[in-house]
Amino acid sequence: MAQLRGTIKISWAFSQRSIVAEWELRENVCSSFNVVHLQIPHLSNTELRETIRKKDPSNCILLNEDLEESIKFQDSGPPPHWVTWWLESVRRSTCYQLELRPTLVLIVPKSSGYILRSDIFKKRLAGCDSVEEIFSELEPCQLIHVNFDWLTLREVTRFGDMFINSICGVLFKPRAEDISDILEGRLSLSLFMKGPVMRKKIALVGGGFTFEFRKDLFAAATELGIDLVVLDEPGHWLQKPEMKYLIEAFLPVDLSVDDGLATRIVAVLEQYTFPVDGITTTADRYLCATAIAATCLLLPTPPLEAFKACTDKSRFRELVPIPDKPHIITFDKAGVIHPSCGAITYPVIVKPTQGGGSFGVFLTRNAKELMEGVKKVSSFGTGGIIEPYLDGPEVDINIVMQHGRVIFWEVSDDLPCTAEGFPNQFPAVSWTETGSIYPSGLPSGQLEQLLMETTSHLLKLGFSHGVFHCEARMQESGYTYQFDREGWPHLRRNHNGNELKAVVAMIEINARAPGCLVSAAKAYAYGIDYFAIQLMSAIGDEERFGALSVPYLKSPIGWWECAAVPAEQGGIFHPICMFEELTVSSPELMKHVVEWKVLFREGEVIRDPNVTGKTPWIAWFLVHSGQSRSHLRGIAITIRSALKFAISTE
């Protein structure tokens, strides 16, 4: 198809002035859409600028220069959607200089189909520095009709159809990098489904601690056309009247983790007015009960035995032993160790058999600390295991599998945790994550080895479909964390090691999407929304599951760090200099911070980690660098150093 070009002319009935700009069709050979570039003119006339701010146009004329033909849209109701987008772009551009002109790009589908998710353009273009605004009015599950043949566009009066059929407008900033590369790279997935795509209902077991920790999951459900039915304890925050807009229904239920949990879940769903199409959870403690309930309700689910294997740390270690260290030491709820310890080589890790998020995990360096750790875990009402401390860099590997085949994966480097001396002022031996960096700094060969071995373990446990958040240590990798003079860790090549002899030691496999911070970060870097993929898995929507698992063509985009600020003690929180203050005092620094959140307010009580078994986060933030990993680390370290707060015990 040859390129088409022409002009657009907008005029008003009460004014003799008009706006004229050029347009050009640019075909995308490898995409499911073509694009039309619309010039954004500079308005030097004050009267004209005021006119477009206040009034809709009465006439719009499109001219095809090649055919010397025109199409006129005249004053019958509001202007077409693309005209509205273009005029809004003109309004926004009045702040730019004459020689700096933005461009509005219209997205026009090549064929009909159901939209993948209604916010797909905003989601995939999020964080793109070249994009100023995205215009779209799509609805979830919308069927997109393309009522023309691209081959007939050169016929008289037909070229206007591509404007009418545009479904999105992307306003690019002046001097944007290659627009075609951006659109091809970020929208390199199937945008339109063969379908039909219908609204579905999913039961979500566990509503989450706060809105901030669940907002991305709720947003994904809304844009995918999913109505959520949430099951949680009576009095949960989702029962508040102001939260009703987030979900279809809240069903109160006792979520105590016992033998009757699955029965209670099934009972409350069977009493609900409408049947659900799927059931899922983001909480490890509910995975087994949710799988049982899914089976009873004839809903899609991986095998129960697979969930049992990955949620019981003792059972998991039997099936996925530490290389060259297959012996397992366990202890019961009373703190009685089985079998007898004998000679133990310290340090060792003490952790409960059940629980996630590093809950109740302690690093012990001698017999006294070991018994203290066992006592603490037993105080939580659970038994546990004792296993060797694994050295070497810790990594997270997130995997999406479809019918036993890996269709997406990525690896990030975990920073040393609180028990490993970062931050270095921490006296606690509890195991709390402090952040992660991606892409990983380990050699590609080791990353491939990690993928192969993790995939093998998943299949061995009985998983073949879904999203999995896995953790491992790369032993004898030839890389280690070295601390600088200020106590900041940096991944460095250890010249005494041999990177060709790395050993993968699995820590755990979580059969769910990663946590909210990691999931949000990976959406920026890779274009992957893990929560959306998990929802599609829950209803067995194979087409959208696969489409949502396609990353950007060139990903990750730059270097990223998810940074967490842990609380070193319990007490009353007093912020001194946090992100809002840094935004004012250090704007050049904060421009690299994509998202941030302070999790406590002035005067709120932070629970003592020595009592709860888990060190809470004060705040978290997401940092991006387009230059290098070392540049990224410098930014993150500077921000960590600049954050100031106090925790008083009175």
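Residues under 20% relative accessible area are called buried, those over 50% exposed and those in between partly exposed (1.4 Å probe, protein chains only). The model is predicted, so that local features are given only at pLDDT of at least 70 and side-chain atom pairs only at pLDDT 80 or more, while totals for chains, interfaces and linings use all residues. Residues are numbered from 1 along each chain as its sequence is written, and side-chain values use heavy atoms, leaving out hydrogens and water.

**View 1. The whole chain, with its 19 helices and 33 strands.** Helices (H or I, at least four residues) and strands (E, at least two) are DSSP runs numbered from the N terminus. Of the 650 residues in the chain, 55% are buried. When contacts (heavy atoms within 4.5 Å) between residues at least 6 apart in sequence are considered, 72% of them join residues at least 24 apart.

**View 2. Gly 445 in helix H12 and Ser 464 in the loop between H12 and strand S24 (466–475).** Gly 445 has a relative accessibility of 46% and therefore counts as partly exposed; its C-alpha lies 8.0 Å from that of Leu 500, a residue 55 places away in sequence. Ser 464 is likewise partly exposed, with a relative accessible area of 34%. The C-alpha atoms of Ser 464 and His 403 are separated by 5.3 Å, although their positions lie 61 residues apart along the chain as a sequence separation. Leaving aside residues up to four places away in sequence, Ser 464 touches Met 401, Gln 402, His 403, Gly 404 and Leu 459.

**View 3. The buried face of helix H6 (residues 215–224).** Leu 217, Phe 218, Ala 220, Ala 221 and Leu 224 are the buried residues of H6. Seen down the helix axis, these buried residues fall within an arc of 160° (taken over the directions from the axis to the C-beta atoms), so they line one face of H6. They pack against strands S12 (200–205) and S13 (226–232) and against helices H14 (530–539) and H15 (542–547). Gly 225, which follows H6, has a positive phi near 80°.

**View 4. The crossing of H6 and H14.** The axes, which are lines fitted to C-alpha atoms over the stretch in contact, with angles running from 0 to 180 degrees between N-to-C directions, are 9 Å apart here and pack at an angle of about 55°. H6 and H14 are therefore oblique to each other, on a scale where under 35 degrees is roughly parallel, over 145 roughly antiparallel, 65 to 115 roughly perpendicular and the rest oblique. Their crossing is right-handed, meaning that the near helix is turned clockwise from the far one by less than a right angle. On the H6 side the contact is made by Asp 216, Leu 217, Ala 220, Ala 221 and Leu 224, and on the H14 side by Phe 531, Ala 532, Leu 535 and Met 536. These residues divide into eight nonpolar, no polar and one charged, where Ala, Val, Leu, Ile, Met, Phe, Trp, Tyr, Cys and Pro count as nonpolar, Asp, Glu, Lys and Arg as charged, and the others, Gly among them, as polar.

**View 5. Helix H8 (residues 287–296) against helix H9 (residues 304–311).** The axes of H8 and H9 come within 9 Å and cross at roughly 175°, which makes H8 roughly antiparallel to H9. Leu 287, Cys 288, Ala 291 and Ile 292 of H8 meet Leu 304, Phe 307, Lys 308 and Thr 311 of H9, a set comprising six nonpolar residues, one polar and one charged. In H9, Ala 306, Phe 307, Ala 309, Cys 310 and Thr 311 are buried, and the buried residues of this helix pack against H8, helix H10 (313–319), helix H12 (444–461) and strand S27 (503–510). In the loop between H8 and H9 lies Leu 298, which has a positive phi of about 60° although it is not a glycine, and which is exposed, with a relative accessible area of 75%.

**View 6. Helix H7 (residues 261–270) against H8.** The two axes come within 8 Å and cross at roughly 45°, which makes H7 oblique to H8. Leu 261, Ala 262, Ile 265 and Val 266 of H7 make the contact with Ala 289, Ile 292, Ala 293 and Cys 296 of H8. The residues of this contact are eight nonpolar, no polar and no charged.

**View 7. Two cis peptide bonds, at Pro 439 and Pro 556.** Tyr 438 and Pro 439 are joined by a cis peptide bond with omega about 5°, and Pro 439 is placed in the loop between strand S23 (435–438) and H12. The bond from Ser 555 to Pro 556 is also cis, with omega near 0°, and Pro 556 belongs to the loop between H15 and strand S28 (559–566).
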